[in-house]
Amino acid sequence: MKRKYLYPVLLIIVTIGFYYIEEYQDGDWSSSTEESALSFYYLPTSTTGSIIMHSNYSLSYSEKHEQAEWVAYELKKEHLSDNDFKRPYFEKDKKVRSSSADWRNYKNSGYDRGHLCPAGDRKFSYEAFEETFLTSNVTPQNHEFNSGIWNKLEQKVRYWARSYDSVYVVTGGVLSQNLKSIGYEAVTVPKYFYKVILKGGSKNPKMIAFLMPHQDSNAALKEFVVPADKIEQLTGIDFFPSLEDQVEEKLEASIVTSGWKF
């Protein structure tokens, strides 16, 4: 190849390489190494093999269902903020190799674009808030459910983060077979949603799990508490595999609500 053509070709190759690394690599570590490693330590297993690491939450994407099978993040006391940011547009998640579902699938569907990592949990910066509007972080939710009992649980998780300084949250829909779908990309509508919350630390870690039918309810939150084991059986996900086996087995089999401030 002549030299006059060599340098332009090399420049194009390098440019494409940097674009690929920036837009599509799975690891996106924007915080300190120590904090990132701690977050990674608490990640659940993936049944799809498609784990995406964002700056302020992680997820396992299901192409079959066009949404995350789980979203996981740490909610710290210092994350809680009353910042009133302008609501951004929903955007596709470029880190999902197969491309996350387009927001237009939800248009006129009768369902909300329900956040899994709530925008309200990421108001400490606009960048963190905006990141929750990636379509990989939303799922079809009935409006009454989304703004009712599910919102009530999200507020309770914030209360626990404030009370205990930090909690780890894993949440998603139960992506089973033969579910209704919406839009031209067939985004699955779960019949149940779950949250598993861990108060970590070497001393007295504790866990509480919720499994909610996808419908409006006036029931108390305690009515939806189940062993995390039950949700693992429904989803095939191991929520905190890096915990010591004896500790994990004890926590995931329990249905104890005492010690949690309701």
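## The S2–S3 hairpin and its neighbour S1

Strands S2 (58-62) and S3 (67-76) form a hairpin with four residues between them, and Glu66 in the turn has a positive phi of about 55°; strands here are DSSP runs of type E with at least two residues, and helices are runs of type H or I with at least four, each numbered from the N terminus. S2 and S3 run antiparallel and are joined by five bridges, with Ser62 standing opposite Gln67 in S3; two strands count as paired if DSSP finds at least two bridges between them. The model is predicted, so local features need pLDDT of at least 70 and side-chain atom pairs count only at pLDDT 80 or more, while totals for chains, interfaces and linings use all residues. Residues are numbered from 1 along each chain as its sequence is written, and side-chain values use heavy atoms, with hydrogens and water left out.

S2 also runs antiparallel to strand S1 (residues 51-53), to which three bridges join it, and a hairpin through four residues connects S1 to S2. Ile52 stands opposite Leu59 in S2. Both faces of S2 are covered, with Ser58, Ser60 and Ser62 on one side and Leu59 and Tyr61 on the other, all of them buried (under 20% relative accessible area, against over 50% for exposed and partly exposed in between, with a 1.4 Å probe and protein chains only).

## The nonpolar cores

The largest nonpolar core (buried Ala, Val, Leu, Ile, Met, Phe, Trp, Tyr and Cys residues joined through side-chain atoms within 4.5 Å) has 43 residues, of which Val71, Trp160, Val167, Ile197, Phe210 and Met212 touch the most other members. Among the elements that give two or more residues to this core are S2, S3, helix H5 (149-164) and strand S6 (166-173), and H5 gives the most, with seven residues. Apart from this core lies another, of 22 residues, including Leu43, Met207, Leu211 and Val226.

Leaving aside neighbours within four places in sequence, Val167 is in contact (heavy atoms within 4.5 Å) with residues including Tyr73, Leu75, Val157, Trp160 and Ile197.

## Aromatic pairs

There are 13 aromatic pairs, where rings of Phe, Tyr and Trp (its six-membered ring) pair if their centres lie within 6.5 Å, with planes under 30 degrees apart counted as stacked, over 60 as edge-to-face and the rest as tilted. Phe90 and Phe133 form a tilted pair, 5.0 Å centre to centre with 55° between the planes. Phe90 lies in the loop between S3 and strand S4 (112-115) and Phe133 in the loop between helix H3 (126-131) and strand S5 (138-141), so the pair ties together parts that are 43 residues apart in sequence. Both Phe90 and Phe133 are buried.
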